[in-house]
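Here are my notes on this model, in numbered points. Please read them with the structure open.

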Amino acid sequence: MKYSFANDYSEGCHPRILEALAHTNLIQQAGYGDDSHTCNASDTIRRLAGNTDIDVHMVAGGTMANLVVLASVLRPFESVVAATTGHIYTNEAGAIEATGHKVEAAPTVDGKLRPADIVPFLNKARGHHLVRTRAVYISNSTELGTVYTKQELIDLYEFSKANNLILFMDGARLPMALTAPSNDLTLADIARYTDVFYIGGTKCGAMLGEAIVISNPDLKQDFKYHLKQRGALSAKGRTIGIQFEQLLQDNLIFELADHANKMASRLACAFKQLGCPLLIDSDTNQLFPVLSNAMITLLQKDYGFLIWSVVDEDRSAVRLITSWATPERVVDEFIKDLRRVYSVK
Ligand SMILES: Cc1ncc(COP(=O)(O)O)c(C=O)c1O
């Protein structure tokens, strides 16, 4: 069977989670996120974020987190600005727009939004004839595998506050961002310099689940109503709570993310050694090597991955994703195969 580097969803969950789910299976718990596991996990997040005042809510997936958060913070005529590579702009089947809010997109060089990218959307000349930009959506790591520096986040946050904007970080891959070699942010910084963000579990060892963290007090009120109305409030919230409880114990989630990054870094070294360019420098678990079409065809016999973009007639950039479960042995085999196809390309 082909080994898939297509996404970070190919495996189930870390065995410790399965054990905990089995172990707690017949113990009665309150529903809708009021169970002891969700409470414990939420307390751990508060401790890691260094803020006892934050609200934590757990939902099943990233698109769901994005749409509930954005629909809850925006008034009917307000919009959100994102990078053109942003998941909400490119990959969610218009989920945000379906809640009645326009996604305004800014091109960026590296998937990271900066204050200058947002300025053109503010103070629109035709005023109330157009939507009002009110939220800023960023992802960390980004869809291109890049990470925000602390200074970049502070700049965005200060700009957002000066312009009455809500800063929202999609953290579907936040554990990978926080364990990237170039990262200088902590979870506490992220809680401090965003209004709302989430910690991804689905891509980081959980079967499913994202933990939404709200630090701006104005956004906390009635959030559970928004969750319920959009079908995002899980009756058996315990299933997500147990997963985060396990993932946050002994830093498991960060160990798993670090593994995913390290596997990608080994692949990146192999590509560089062969003189194979990467579309963008990334030190997280997504890689974008530029390969000849002949090489792509040969590699596709044994491996699954995404064709990301056409570079020219003969070459395309592909996307390879390593995960918390990618075995070192497979990475070594891929590198061997890569060297072989490179010599015959
Ligand atoms: C940045 C980002 N946000 C959110 C998601 C969640 O998407 P989904 O709801 O399809 O799992 C993804 C998945 O690829 C992602 O890359």
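1. A polar contact is a pair of N or O atoms within 3.5 Å; within protein, one must be able to donate a hydrogen and the other to accept it, and residues adjacent in sequence count only if both atoms are side-chain atoms. Asp170 fits this for the ligand: a polar side-chain atom of Asp170 lies 2.5 Å from a ligand nitrogen. The protein buries 79% of the 390 Å² that the ligand exposes when taken alone. Those areas come from the Shrake-Rupley method with a 1.4 Å probe.

2. Some ground rules. This is a predicted model, where local features need pLDDT of at least 70 and side-chain atom pairs count only at pLDDT 80 or more, while totals for chains, interfaces and linings use all residues. Residues are numbered from 1 along each chain as its sequence is written, and side-chain values use heavy atoms, with hydrogens and water left out.

3. Which residues are around the ligand? They are Tyr9, Gly62, Thr63, His87, Glu143, Asp170, Ala172, Arg173, Tyr198 and Lys203 (one heavy atom of the residue within 4 Å of the molecule). Thr63 has a side-chain N or O atom 2.7 Å from a ligand oxygen. For His87, the corresponding distance to a ligand oxygen is 3.4 Å.

4. The ligand sits in the largest pocket. On a 1 Å grid over the protein atoms alone, a pocket is an open set of points with protein on both sides within 12 Å along at least five of seven lines. A molecule sits in it if more than half of its atoms lie within 2 Å of its grid points.

5. Now the charged pairs. Side chains of opposite charge can pair when their charged atoms come close. The structure holds 19 salt bridges (a side-chain nitrogen of Lys or Arg within 4 Å of a carboxyl oxygen of Asp or Glu). One group is a network that links Asp110, Lys112, Arg114 and Glu152. Within it, Arg114 and Asp110 meet at 2.8 Å, N to O. Asp110 is buried at 13% relative accessibility, whereas Arg114 is partly exposed at 28%. Buried means under 20% relative accessible area, exposed over 50%, and partly exposed in between (1.4 Å probe, protein chains only).

6. Two further salt bridges each stay within a helix. Helices (H or I, at least four residues) and strands (E, at least two) are DSSP runs, numbered from the N terminus. In helix H2 (residues 36-49), Asp43 and Arg46 are 3 residues apart, about one turn of the helix. Their closest N and O atoms are 2.8 Å apart. Asp43 is partly exposed, at 45%.

7. Helix H13 (residues 328-344) holds Asp337 and Arg340, again 3 residues apart. Here the closest N and O atoms of the salt bridge are 3.1 Å apart. Is Asp337 buried or exposed? Asp337 is buried, with a relative accessible area of 17%. Its partner Arg340 is partly exposed, at 46%.

8. Check Thr146 too. Thr146 lies in the loop between strand S5 (132-139) and helix H6 (150-162). The residue is buried, at 8% relative accessibility. Its side chain makes a polar contact with the side chain of Thr142, at 2.5 Å.

9. Last, Ala294 in helix H12 (residues 293-300). Ala294 is partly exposed, at 41% relative accessibility. Ala294 and Tyr342 are 48 residues apart in sequence, and their C-alpha atoms are 9.5 Å apart in space.

Terms used: On a 1 Å grid over the protein atoms alone, a cavity is a set of points where a 1.4 Å probe fits but cannot get out, and a pocket is an open set with protein on both sides within 12 Å along at least five of seven lines; lining residues have an atom within 4 Å of a point.
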